[in-house]
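This briefing summarises the computed features of one protein chain for use alongside its sequence and coordinates. The topics are ring pairs, overall architecture, salt bridges, and two selected residues.

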Amino acid sequence: MLTTIRDVEDEDVEPVLVYIAREVARSGYQHVLPDPLQDAGTLMKAARDQGVALGAFDEAGRVVGCLIMPMHAYMGAMLAEEVAWFAETQRDLLRLFDQGEVQAVQKGASVVRMSAPAWTQLGAFYGRRGYQPLETSYVKVLSDGSSDGRRRVDRRGDRDVHREEEGKGQPTGRSGDA
């Protein structure tokens, strides 16, 4: 089956967002993306405005992959940062990856940051492609995204690390604090 890799156009946005939401639900990210359609929509807009937004489409026009990389300034350079990279075949993953790097450079990026979920072996792949580990990210959901910001979602396991009742929000010096 022939797959076409191309820029995400206006008419592609909704099907690509639905595809991303489905992949997020299957990937293990749903705990930090409570509304993947909204979150992916925001990132898609940023990538289409300035960055890389590629879709992989089969012969029937069905979305079978995507790579979304908004760009922003980072330590004096333009950084293209992968926020969604999914495909139904390894071949399409690689084609999206390669075309994404080319487009990032064409659009002014001199640095690309790719994410490697902790539970995968993607880091080894990135290493073979010339990437170097930079840092590890830790994610915490602070809100359910409500506009008033008052409905806080707390998913911590150890409530003693940060004492909310004291209103300080600083580490207590207990085991595990930095």
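Rings of Phe, Tyr and Trp (the six-membered ring in the case of Trp) are taken as a pair if their centres lie within 6.5 Å. Ring pairs on this basis link Trp-85, Phe-97, Phe-125, Tyr-126 and Tyr-131 into a cluster. The model is predicted.

**Overall architecture**

- The protein contains four helices and six strands, and from the N terminus on these elements follow the order β-α-α-β-β-β-β-α-β-α.
- Of the 178 residues in the protein, 34% are buried.
- The exposed surface of the protein is about 11300 Å², and carbon and sulfur atoms supply 52% of that area.
- Among contacts with a separation of 6 or more, 54% are made by residues 24 or more positions apart.

**Aromatic pairs**

- The count of aromatic pairs comes to eight.
- Phe-97 and Phe-125 have ring centres 5.1 Å apart and planes at 70°, so this pair is edge-to-face.
- Phe-97 belongs to helix H3 (residues 90–106) and Phe-125 to helix H4 (residues 122–128), so the pair ties together parts that are 28 residues apart in sequence.
- Both rings belong to buried residues: Phe-97 has a relative accessibility of 2%, and Phe-125 has a relative accessible area of 13%.
- The rings of Phe-97 and Tyr-131 have their centres 5.8 Å apart and their planes at 55°, so this pair is tilted.
- The pair of Phe-97 and Tyr-131 also links distant parts of the chain, with Phe-97 in helix H3 and Tyr-131 in the segment after H4, 34 residues apart.
- Tyr-131 counts as buried at 19% relative accessibility, since the buried class covers values under 20%.

**Salt bridges**

- The count of salt bridges comes to 12.
- Glu-23 forms a salt bridge with Arg-26, and their closest N and O atoms are 2.5 Å apart.
- Glu-23 and Arg-26 are three residues apart in helix H1 (residues 13–27), so about one helical turn separates them.
- The two partners differ in exposure: Glu-23 is buried, with a relative accessible area of 9%, whereas Arg-26 is exposed, with a relative accessible area of 59%.
- Arg-62 forms a salt bridge with Asp-58, the closest N and O atoms lying 3.1 Å apart.
- In that bridge, Arg-62 is partly exposed at a relative accessible area of 41%, while Asp-58 is buried at 10% relative accessibility.
- Asp-92 forms a salt bridge with Arg-91, with 3.9 Å between the closest N and O atoms.
- Asp-92 is buried at 3% relative accessibility, and Arg-91 is partly exposed at 48%.
- Through shared partners, salt bridges join Arg-22, Glu-23, Arg-26, Asp-58, Arg-62 and Glu-88 into one network.

**Glu-82, a buried acidic residue without a salt bridge**

- Glu-82 is located in the loop between strand S4 (77–81) and strand S5 (84–87).
- Glu-82 is buried but has no salt bridge, and the nearest side chain of opposite charge, that of Arg-113, is 9.2 Å away.
- The side chain of Glu-82 reaches the backbone nitrogen of Ser-115 at 2.7 Å.
- A polar atom of the Glu-82 side chain also lies 3.4 Å from the backbone nitrogen of Ala-84.
- Setting aside residues up to four places away in sequence, Glu-82 touches Leu-67, Ile-68, Met-69, Arg-113, Met-114, Ser-115 and Tyr-126.

**Leu-79, a buried residue of strand S4**

- Leu-79 is placed in strand S4 and counts as buried, with a relative accessibility of 0%.
- Apart from neighbours within four places in sequence, Leu-79 is in contact with Pro-70, Met-71, His-72, Tyr-74, Val-111, Val-112 and Arg-113.
- Leu-79 and Gly-51 are 28 residues apart along the chain, and their C-alpha atoms are separated by 9.0 Å.

Note on methods:
Residues numbered from 1 in each chain as written. Predicted model: local features only at pLDDT ≥ 70, side-chain atom pairs only at ≥ 80, totals over all residues. Heavy atoms only, no water. Helix = DSSP H or I, 4+ residues; strand = E, 2+ residues; numbered from the N terminus. Buried < 20%, exposed > 50% of the residue type's maximum accessible area, 1.4 Å probe, protein only. Contact = heavy atoms within 4.5 Å. Areas by Shrake-Rupley, 256 points an atom, 1.4 Å probe, with all protein chains shown as cover. Lys, Arg positive; Asp, Glu negative; His and termini not counted. Salt bridge = Lys/Arg side-chain N within 4 Å of Asp/Glu carboxyl O. Polar contact = N/O pair within 3.5 Å; in protein donor to acceptor, adjacent residues only side chain to side chain. Phe/Tyr/Trp six-rings, centres within 6.5 Å; stacked < 30°, edge-to-face > 60°.
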